[in-house]
Amino acid sequence: FVNGKSLTSTSGSTASQSTFFAPRSKTPNRQAIALISDHGDPAAEIGKEEAGGQNVYVRQVGEALSKLGWQVDMFTRKAKADDPTIVQHNPHCRTIRLSAGPEEFVPRDRLFEYMPQFVEEFHKYQAKHHYPLIHTNYWMSAWVGLEVQKTHNVQLINTYHSLGAVKYQAVPHRPAIAETRLAVEKAILENAHCTVATSPQEADMLRSLVSDLGHIEVIPCGTDISRFYAIPKVDARLQLGLKPTDEVIVYVGRFDPRKGIETLVRAAQLIKRNTVDASNLRLVIVGGSDPTKPDGQERQRIEQLVGELGLAEHTTFAGRVGHDRLPLYYTAADVCVIPSHYEPFGLVAIEAMACGTPVVASDVGGLKFSVVPEETGLLVPPQDETAFAAAIERILSDELWARKLRKRASERVQQNFSWTGVAAQLSDLYRRMLAQSIMGDMILPSQSAISVSLNPDALPNPSR
Ligand code: UDP
């Protein structure tokens, strides 16, 4: 597979490694690789508690990689008894749900104890398919990867998606799992063959908060530009029952206090207060929730706030919307607001921009990378409702400038953030990693930085 050549290992290879290079007779050479996403089920309904950017990332990357010639198996934990164990997305890409703990929803903070079982189940597939490369997503999957690495010669790549080192800075009481998470986040950065940071800001954060060691490459998240693109605003509004004269502000995302929806609602109230005739003001909040889960509680809290601030008549809770209809919501909006307290990347920003919608976002994390202030939207301090209100009003009140923002926004996404482009970069990284595994130090200039040996005793173990 590497450059189409049959390659032989020069290092003391294990049985699993040698099969990577075994000749394949009938089918064209497709290298099997594993993506691991412990809790972000790539086949799940997106937009609800625990189902957001990570699910989208793994699914889109997996499918795009399969189109580039890889055989992709995506592993996740089975969280519902009646979910099928295997979902085939195309002949070369599937989701495999492993039994690890009860087959029901388990909050992320309580999942780690089931990870040894996840490793055990994963080993069964590893024994059969001999994945030479594993790309893990989130710290618990990273722990799984580190465990697999103890017995198999695999190239290990990790994407964090969320960083405990950042999250716990703003939390007064750390959960019991915090120390374990921080230790694994450090171990994976130092011991993975490569960490994929989705923005330069995330890479800086990893260096300043986690470790100086380990190899990092920046490959952003992407969006499906054949689905997310600008259609005429009037058409989108017609389909959603919005008037051409409405001033439409949209939020898309999960209901989670860290998403900052409260800041947006308070900003909307300030805008209403500052406007002589606010009858056209529309706030559309898109995102799923379950009344029995934490996202249901957050939605209830936001609905109550909307009522208290006199915004009920201006606000629509659209519920979960699939990617088939989401472009309508983005296109219908004058502005998409992302008021997150922190965001390692923030897929919603590039989805909105791809649809030609200016973004007003918190000046944090990956949003600093995707949103170019004054060109594709505006960045303001997180949790500052006055700043959000002023930025939103600027865009609502200057149609000519807003038109320029819309054009630049969609151009920026097309040029930098398509899944196809992102998958091509990942594919290139995988090929380099696999080549490196047989050629030693020759491929990656930063090899020295990744050759830190793993001390298994330093790693947390749920059973200890
Ligand atoms: N999303 C969706 N439907 C909804 C709400 C959200 O499909 O009703 C998707 C959204 O389009 C995006 C993802 O969920 O692809 C959220 O990703 P993001 O990185 O913005 O946030 P995360 O959920 O990872 O915190």
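Select strands E10 and E11 (residues 315-319): they pair in the parallel sense over four bridges. The model on the screen is a predicted one, and this tour proceeds from one selection to the next.

**Stop 1: strand E10 and its neighbours**

With E10 and E11 displayed, highlight valine 286, which stands opposite glycine 319 in E11. Next add helix H10 (residues 294-308), which together with E10 and E11 makes a right-handed β-α-β unit.

Now turn to the other partner in this part of the tour, strand E9 (residues 247-252). E9 runs parallel to E10, and six bridges join the two strands. Within this pair, isoleucine 249 stands opposite leucine 283 in E10. To follow the chain from E9 to E10, select helix H9 (residues 261-274); the chain crosses through this helix, and the β-α-β crossover is right-handed.

Keep E10 (residues 281-286) selected and display its side chains. How many of its six residues are buried? Six of the six are, and the strand is accordingly described as mostly covered. In a regular strand, the side chains alternate between the two faces of the sheet. On one side of E10 are Leu281, Leu283 and Ile285, and on the other are Arg282, Val284 and Val286. These residues are all buried, and both faces of the strand are covered.

**Stop 2: strands E12, E13 and E14**

Select residues 335-338 and residues 359-362, which are strands E12 and E13. The two run parallel and are joined by three bridges. Isoleucine 338 has alanine 361 of E13 as its bridge partner. Between these strands the chain passes through helix H12 (residues 347-354), in a β-α-β crossover that is right-handed.

Leave alanine 361 highlighted and add strand E14 (residues 377-380), which pairs with E13 in the parallel sense over four bridges. Alanine 361 stands opposite leucine 379 in E14.

Return to the chain between E12 and H12, where phenylalanine 345 is found in the loop. Is phenylalanine 345 buried or exposed? Its relative accessibility is 4%, so phenylalanine 345 counts as buried. Select leucine 367 as well: the two residues are 22 residues apart in sequence, and their C-alpha atoms are 6.1 Å apart in space.

**Stop 3: two residues with positive phi**

Most residues other than glycine have a negative phi. Two selections show positive values instead.

The first selection is glutamate 374, in the loop between helix H13 (367-370) and E14. Glutamate 374 is not a glycine, yet its phi is positive, at about 70°. With a relative accessible area of 42%, glutamate 374 is partly exposed.

The second selection is histidine 130, in the loop between helix H3 (115-129) and strand E5 (133-137). What is the phi of histidine 130? The value is near 50°, which is positive in a residue other than glycine. Histidine 130 has a relative accessible area of 21% and is partly exposed; the cut-off for buried is under 20%.

**Stop 4: serine 141**

Move along to helix H4 (residues 139-151), in which serine 141 lies. The relative accessible area of serine 141 is 0%, so this residue is buried. Display its side chain together with the backbone of asparagine 137. The side chain of serine 141 reaches the backbone oxygen of asparagine 137 at 2.7 Å. For another selection, take asparagine 158, which is 17 residues from serine 141 along the chain. The C-alpha atoms of serine 141 and asparagine 158 are separated by 8.5 Å.

**Stop 5: the cavity**

The last stop concerns empty space inside the model. Rolling a probe the size of a water molecule over the atoms shows where empty space is left. How many cavities of 30 Å³ or more does a search of the whole structure find? The search finds one. The largest cavity holds about 30 Å³ of space.

To see its surroundings, select Arg108, Asp109, Tyr138, Trp139, Met140, Tyr168, Ile177 and Arg181, which line the largest cavity. Colouring this selection by class gives five nonpolar and three charged residues, with no polar residues in the lining.

Methods:
Residues numbered from 1 in each chain as written. Predicted model: local features only at pLDDT ≥ 70, side-chain atom pairs only at ≥ 80, totals over all residues. Heavy atoms only, no water. 1 Å grid on protein atoms, 1.4 Å probe; cavity = no way out; pocket = protein on both sides within 12 Å on 5 of 7 lines; lining within 4 Å. Points joined across faces, edges and corners; volume = space filled by probe spheres on them. Nonpolar A, V, L, I, M, F, W, Y, C, P; charged D, E, K, R; others polar. Pairing = 2+ DSSP bridges. Right-handed = clockwise from strand over helix to strand, strands pointing away. Buried < 20%, exposed > 50% of the residue type's maximum accessible area, 1.4 Å probe, protein only. Polar contact = N/O pair within 3.5 Å; in protein donor to acceptor, adjacent residues only side chain to side chain.
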